[in-house]
Amino acid sequence: MKPPKVVAFDCDGVMFDSRNANQAYYNNLLHYVGLPEMTPEQAADSHMQTVDEALGHLIPDPETRKKADAHRKQMGYLPFLKLMEMEPDLVPLLHKLRPRYRTAVATNRTDTMARVLAENHIGHLFDLVVCANDVPSPKPHPDMLNKVAAYFSVMPQEVVYVGDSKVDEAAAAAAGVVFVAYRNPELRAIRHITHLAEVEDVLALI
């Protein structure tokens with residue numbers, strides 16, 4: 001196995017605990033079009049999907065979804081940012097990793113990631129941010145992680161990806177990058193961790 005050169009992170013569930021924010025966001029859209037709030041199963045699924053995928057499942061009627069989309073673009077995600085909780089180990093870890101390792105975000109978020117980084121003052125700690133609208137296909141397709149490897153001109157095996165969901169696992173496997181599972185023992189990974197600070201130990205062992 002090649003020594004790692006790049007460490008990439010998923011956003012939701014890894015960098016941030018964003019379940020409350022995402023649930024409030026989608027429930028707001030559902031309420032606007034007169035639909036019931038998400039079930040626990042729908043909330044879990046939407047956490048891994050792009051906003052278009054999530055709304056496609058939550059609001060199957062095209063006309064109703066069009067109304068929700070218009071409201072979404074007018075409302076934005078800013079009102080829900082305060083509900084996102086940054087993982088406490090994230091910033092100290094990024095400072096320790098840089099500049100020895102290049103750092104990246106690979107997330108199925110579409111148009112909200114820039115604001116998330118800016119509002120939390122951490123954009124400067126990442127060399128690259130890849131979102132769903134930056135590639136042909138979102139996770140579980142490998143496009144995002146392929147783009148990370150290509151951007152830094154490294155082999156896939158030199159990229160470590162930290163994720164928490166099945167779509168992260170599948171994307172990492174398809175791209176051939178090293179996958180580290182965060183707080184999800186059901187995933188197949190080279191290592192399972194419960195705190196981001198453990199990423200340092202993982203890198204030392206590779």
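Biologist: Let's start with Tyr-151: is this residue buried, partly exposed or exposed?

Modeller: This is a predicted model, by the way. Tyr-151 has 48% relative accessibility, so it counts as partly exposed. Partly exposed sits between the 20% and 50% cut-offs.

Biologist: And which ring does Tyr-151 pair with, and how do I read such a pair?

Modeller: Here's the general idea: a pair of aromatic rings is described by the distance of the centres and the angle of the planes. In this structure, the partner of Tyr-151 is Phe-152, with 4.9 Å from centre to centre and 90° between the planes, an edge-to-face pair. Phe-152 itself counts as buried, because its relative accessibility is 12%.

Biologist: How many aromatic pairs does the structure hold?

Modeller: Seven. Take Tyr-77 and Phe-80: their ring centres lie 6.0 Å apart and their planes meet at 50°, so this pair is tilted. Tyr-77 is buried, at 8% relative accessible area, and Phe-80 is buried too, with a relative accessibility of 8%. Ring pairs also join Tyr-77 and Phe-80 with Tyr-25 and Tyr-26 in a cluster.

Biologist: OK, now helices. How do α1 and α3 pack?

Modeller: In general, two packed helices are described by the angle between their axes and the distance between the axes. Here α1 (residues 19–32) meets α3 (residues 51–58) at about 45°, and the axes are 12 Å apart. That angle makes α1 oblique to α3, and the crossing is right-handed.

Biologist: Which residues make the contact?

Modeller: From α1, Tyr-25, Tyr-26, Leu-29 and Leu-30; from α3, Val-51, Ala-54, Leu-55 and Leu-58. By class, that's eight nonpolar residues, with no polar and no charged ones.

Methods:
Residues numbered from 1 in each chain as written. Predicted model: local features only at pLDDT ≥ 70, side-chain atom pairs only at ≥ 80, totals over all residues. Heavy atoms only, no water. Axes fitted to C-alpha atoms, helices over the stretch in contact; angles between N-to-C directions. Helix = DSSP H or I, 4+ residues; strand = E, 2+ residues; numbered from the N terminus. Parallel < 35°, antiparallel > 145°, perpendicular 65-115°, else oblique. Left-handed = near helix turned anticlockwise from the far one by under 90°. Contact = heavy atoms within 4.5 Å. Nonpolar A, V, L, I, M, F, W, Y, C, P; charged D, E, K, R; others polar. Phe/Tyr/Trp six-rings, centres within 6.5 Å; stacked < 30°, edge-to-face > 60°. Buried < 20%, exposed > 50% of the residue type's maximum accessible area, 1.4 Å probe, protein only.
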